[in-house]
Structures are given as C-alpha cells and as structure tokens.
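Student: I should like a close look at one part of this model, taken slowly and then placed among its surroundings. Please begin with the core strand that you consider the best starting point and work outwards from there.

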Amino acid sequence: MQNFVFHNPTKLIFGENTIEVIGKEISKSGYKRILLLYGGGSIKKNGVYDTVVKSLKDNNIVFVEHSGVVPNPVLSHANEGIELCKRNNLEAILAVGGGSVIDEAKSIAAGFYLNNLWDAFERKAEIKDALPVFTILTISGTGSEMNPFAVLTNEYEKKKWNIGAACLYPKATIIDPRIQMSLPWHQTVNGGIDAISHILEYYFNSTVQEVSVSVSEALIRTIILCLDKLQVNPNDYPARANLAWAATLALNGLVGSSTIGEWAAHRIEHGISALYPEIAHGAGLAVVFPAWISYTRQANPSQYERFAKNVWNSNSLDEALAAMKSKYSSWGAPISLRDLNIPKEKIGEIAHNASRLGVVGNLLPLTEREMAEILELAY
Ligand code: NZQ
Ligand code: ZN
C-alpha cells in the first residue's frame, strides 16, 4: 500500500429533518450575510426552500438569492453570482441543490478572489482562497457535497472542465435523504450511476489497496441494491438514505486514497455534455463506462476479472458487462450513443473536445483516436 494523507474537513449532518439547523450552522461559524444559490425551482415545490428561509431568518442571516443554476452549470451564471457577492459584501455561500448548484457555488467562491474565474479552469490561475461554502444536498450522485472539486461549462468555448482546491471543501453539508423522494426516477438513476462511476474510476488501477477495493465493491453492490428497491418504491427511506451515504463515500477521498484514479470515462463524458448540455452527466456515463471497461480490459486483467466476479457474480468480463448494461437498461438509463440521440458523425468532435485539456487516463493513457474508438464501441 502506498503512503497517503486523508483529510476531509467537511462537517456532514445526515438524516431526517436536519435541514432546519442550517441557519444555526452558518451563524455559529460567524457569517451573517450570504448568497443563497439554487436551481430551477424544485426546492420551492418540495418545501426545502421554505425550511431554509425560515432557518436563515430565525438566525438573523441576511441573504441575497441567485436562482436559475442549470444542470451542467455555466460560466456566465457563475460570474453573475460573483458580482452579487461583491456588490452586497457577502461572506459565504449556501448552495441548495445537486452537484450543479454546489459546483457553481464553489466556482463563485473561488472566483470571488480571482481576476478571471475561467483562468483557474484553464490552469492559468491558482486557487488560494475561497468564500466558505455550505450545502444542502437534494440529489445524491456527484459527491460534490463532501469534496473539493467543481465542474463548470464555459458555454462560449464549449469546454466542460474542472477545478479542485483544498479551500473548496464545503464547510458543512446537510443531507436529508427524505427530500430526494421528490426526484423524478431518471434523476435518481443518473445520480446512482454517477456514484458507481466514481468508484470505478479508482477501482481498475487500484490493485494494491485491498481496503479501498473491498469497500468499493461493497459500495457498488449497495448502490445497485438501493436503486432496485427505489425503482419499486421511491419512498423507501432506508434505500434513499443508504444510496445517499454510499454516493457521498464514493467521492470524498475514501476509496480514492493512495491512487490517483483513471478519470478517462469522465473526461469523455464531459466531452459529450459540453457539446450536448441537455444530456445529464450520469446518463452520459451509463453509455461511456461499459465501453471504456471493454476497451481497456487488457490493461490490468486480474482486476477486471475480480470486478466481474465480486460485483456482478459473473465468470467472465463479457458476462459482467452484459449484466451491467442490462441492469442500467432495466433502470431506464441509456446504454448507447444512439439512446442519447447522438449521431455517429459526431464521435470525432466529442473525442476532440475531451482531449483539449491534455492527456486522458493513467492506467491506459488515451489518444484522441482511441477515445473515438471507445465512443464507437458505445454507439
Ligand atoms: O434545478 P432544480 O429545479 O433543482 O432541478 C434539479 C435538476 O433539474 C433536479 N433536482 C435536484 N434535486 C431534486 C430535483 N428535483 C426534484 N427533487 C429534488 N430533490 O435534478 C436535476 C439535476 O440536478 P443536478 O444538480 O444537475 O444533478 P447532479 O447532482 O447529477 O449534478 C450534475 C453536475 O455535477 C457535475 C456534473 O458534471 C454535472 O455538471 N459533477 C460534479 C462532480 C464534483 N463536483 O465532484 C463530479 C462529478 O463527476 C460530476 O462531473
Ligand atoms: Zn461523475
């Protein structure tokens, strides 16, 4: 096992009826003026907005609202948020939503201290400081609620890129799994498949860390079990709660300790949703990941066999991949580029887009041509 440092500073408050403590949490940390960031309005329909506003008012916290964060959030809206923070002398940000809202909050938090936010995504500016971010998670999948990463799309240049910095870990996150009962089924599935994909990004090049590999297998099996249960009963609280906790653990540094991870499937997916922002991240991964596994199988055969046996109870990788696609399909997820309505002629453009940030993959670094071949397998 290689040496590693595990340090996750996010305070996690988990369980039913926990949202009402948000005002106290922010107030305890000494902040009185905040940006309240949210998306397209789901929080107004399921009551979360009312609970949050009451808690903020009860604790005398002044807030400025910035709504309309879109799934696959965009640079222009984040820049508006930075301006709001500056103009109103705001001290912290509260993100209420999924990965898109939390990622935009982190981007605003970093951009507050930069001359040009996008420079950080281009690796031209270092993120040394950020406004403190608090989050209330409403859909589990990305892990953004307990990690230091953010993904944003520069809609002018069609680049969907990421940042990461220690100061971007949320100060505190609240997860009340019950509020995820208002999710449309396909969004629950997108989140679950995203979480499985995060685990897999570490799994295949992680042969020396037995703890991580065994935990990874248990987490994937748990996510599959919970999604199966939620497909029958979306109001199954234990299944919602276990899915939520597993998704947070999938990308909070636990399974990734002592390996850098692969991230090629993610980079290819970001190429897809950069060009097709209407495609959800989890849906793109459902299509790309089985093809990536199939394409790279020779890179570390024993680990791929272990995946087949311990996750899918299969005797061969081909059998496991068939089971994986069949499971995703049974949840209603797309399993081919055709399912996503992407024409074959677009494959080259997606591969080119995915390669613009430099080398893709570690176990098996991929050229643009090889990414195109993976996308052809996924067609
Ligand atoms: O905008 P609202 O109205 O809130 O609706 C959202 C949105 O339409 C809806 N929703 C969320 N919670 C709900 C709900 N609807 C009903 N009831 C609820 N309780 O769900 C839709 C999707 O939300 P979104 O935040 O876009 O989903 P997700 O959490 O999957 O985030 C996706 C973004 O995160 C990035 C992805 O690339 C994508 O941009 N990622 C972030 C990562 C990170 N920061 O570590 C890692 C990931 O790999 C990923 O790249
Ligand atoms: Zn992801």
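**A strand and its surroundings**

Tutor: Strand S8 is covered on both faces, with Ala-172 and Ile-174 buried on one side and Thr-173 and Ile-175 buried on the other; buried here means under 20% relative accessible area, exposed means over 50%, and partly exposed lies in between, with a 1.4 Å probe and protein chains only. The model is predicted, and local features therefore need pLDDT of at least 70 and side-chain atom pairs count only at pLDDT 80 or more, while totals for chains, interfaces and linings use all residues. Residues are numbered from 1 along each chain as its sequence is written, chains are lettered from A and ligands numbered from 1 in the order in which they are written, and side-chain values use heavy atoms, with hydrogens and water left out. Strands (E, at least two residues) and helices (H or I, at least four) are DSSP runs, numbered from the N terminus.

S8 covers residues 172–175 and runs parallel to S1, to which 4 bridges join it, and two strands count as paired if DSSP finds at least two bridges between them. Within this pairing, Ile-13 stands opposite Ile-174. S8 is likewise joined to S5 by 4 bridges, again in parallel, and there Leu-137 has Ile-175 as its bridge partner.

The wider sheet is open, and its 6 strands follow the order S1-S8-S5-S4-S2-S3 with parallel pairing. Its edges are formed by S1 (11–14) and S3 (62–66), each of which has a single partner strand, so that one side of each is left without a neighbour in the sheet. From one strand to the next, the twist averages 20 degrees.

Helices pack on this sheet. Helix H3 (residues 48–58) lies across S2 (33–38), S3, S4 (92–97) and S5 (133–137) and runs at about 180 degrees to S2, where axes are lines fitted to C-alpha atoms, for helices over the stretch in contact, and angles run from 0 to 180 degrees between N-to-C directions. Helix H9 (residues 237–250) touches S1 and S8 themselves, and its direction makes about 170 degrees with that of S1; contact means heavy atoms within 4.5 Å.

Helix H4 (residues 75–87) also meets this sheet, since S2, S3 and S4 are among the elements that cover its buried residues, together with H5 (99–111), H6 (117–121) and strand S6 (149–154). Those buried residues are Leu-75, His-77, Ala-78, Gly-81, Ile-82, Leu-84 and Cys-85. His-77, at 12% relative accessibility, counts as buried, and leaving aside its neighbours within four places in sequence, His-77 is in contact with His-66, Ser-67, Gly-68, Val-69 and Glu-104. The 13 residues of H4 should span 18 Å at 1.5 Å a residue, and the end C-alpha atoms are 18 Å apart, which agrees; the expected span is 1.5 Å times one less than the number of residues. Just after H4, Asn-89 takes a positive phi of about 50 degrees.

Another feature to examine is the metal site. The zinc ion (ligand 2) is coordinated at 2.0 to 2.1 Å by Asp-194 (OD), His-198 (NE2), His-266 (NE2) and His-281 (NE2), where donors are N, O and S atoms within 2.8 Å of the metal (3.2 Å for Na, K and Ca), and, because water is not among the atoms, sites may look incomplete. The donor residues are spaced D-x3-H-x67-H-x14-H in sequence. Asp-194 and His-198 both lie in helix H7 (residues 185–203), 4 residues apart, or about one turn of the helix, and Asp-194 and His-198 are buried.

In the loop between H9 and H10 (264–275) lies Trp-263, a residue other than glycine whose phi is positive, near 65 degrees. Trp-263 is partly exposed, with a relative accessible area of 22%.

Finally, the cysteines: a disulfide is a pair of cysteine sulfur atoms within 2.5 Å, and by this rule the count comes to 0 disulfides. The sulfur of Cys-167 has its closest cysteine sulfur in Cys-85, 15 Å away, which is too far for a bond. Cys-167 counts as partly exposed at 23% relative accessibility, whereas Cys-226 is buried, with a relative accessible area of 5%.
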